[in-house]
Amino acid sequence: AAVEQRARRRTAWLTELRGIDAATLQDPALLAHQIALARLADEDAVEVCRYPLWDVDQMGGWQVRFAELAHAQPVETAELRAQAMTRFARIPAYADTQIDNLRAGLAQGYSAARVNVGQVIGQLDRVLGAPLEESPFYSP
């Protein structure tokens with residue numbers, strides 16, 4: 001449902017952007033318009049690939065992005081740490097959604113390459129098996 005909602009939102013944004021006469025824009029608005037239009041059009045073009053149903057990426061997947069985000073989180077005050085903890089408390093539900101999407105993809109005949117899946121599983125095993133102080137999520 002969220003994928004369909006995002007696709008509808010993207011279509012609405014594309015329609016709105018395509019309705020803007022770019023000749024009337026000047027930088028930085030023109031650049032922002034061009035970037036947004038290209039990005040949304042690209043996403044629209046690859047929607048047929050149904051990427052959320054086989055999204056397993058050892059280099060830039062959610063497990064990598066969240067670990068990098070944990071390192072970048074400001075945690076200098078109790079309030080900032082609490083905000084970070086609130087955000088990261090949502091990771092298990094996010095992971096469950098990703099698992100559900102992958103299962104739905106397999107049921108429909110979509111799958112990532114076995115080597116990618118093995119590497120992601122290895123990454124997750126290393127994070128889960130590491131001592132707490134060595135976890136990328138320890139900082140907050």
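1. The lining of the second largest pocket draws at least two residues from each of helix 3 (62-72), helix 4 (78-88) and helix 6 (114-129). The model in which this pocket is found is a predicted one.

2. The volume of the second largest pocket is about 510 Å³. Its lining consists of 18 residues, and those closest to the centre of the pocket are I91, L124, V127, L128 and F137. Sorted by class, this lining contains 15 nonpolar and three polar residues, with no charged residues.

3. The largest pocket encloses a space of about 970 Å³. It is lined by 28 residues, of which A2, V3, R6, Y51 and P52 lie closest to its centre. Two or more lining residues come from each of helix 1, helix 2 (29-45) and helix 5 (91-107). Helix 1 provides the largest share of this lining, namely eight residues.

4. The student may next consider the chemical character of the largest pocket. Its lining includes ten charged residues, together with twelve nonpolar and six polar ones. For the second largest pocket, by contrast, the count of charged residues in the lining is zero: there are no charged residues.

5. One residue of helix 1 deserves a separate comment. W13 is located in helix 1, which covers residues 2-18. Is W13 buried or exposed? W13 is partly exposed, because its relative accessible area is 43%, and partly exposed residues fall between the limits of 20% and 50%.

6. W13 may also be placed relative to another part of the chain. W13 and A41 are 28 residues apart along the chain, and their C-alpha atoms are separated by 9.9 Å.

How values were computed: Residues are numbered from 1 along each chain as its sequence is written. This is a predicted model: local features need pLDDT of at least 70, side-chain atom pairs count only at pLDDT 80 or more; totals for chains, interfaces and linings use all residues. Side-chain values use heavy atoms; hydrogens and water are left out. Helices (H or I, at least four residues) and strands (E, at least two) are DSSP runs, numbered from the N terminus. Buried means under 20% relative accessible area, exposed over 50%, partly exposed in between (1.4 Å probe, protein chains only). On a 1 Å grid over the protein atoms alone, a cavity is a set of points where a 1.4 Å probe fits but cannot get out, and a pocket is an open set with protein on both sides within 12 Å along at least five of seven lines; lining residues have an atom within 4 Å of a point. Grid points are joined across faces, edges and corners, and a volume is the space filled by probe spheres set on the points. Ala, Val, Leu, Ile, Met, Phe, Trp, Tyr, Cys and Pro count as nonpolar, Asp, Glu, Lys and Arg as charged, and the others, Gly among them, as polar.
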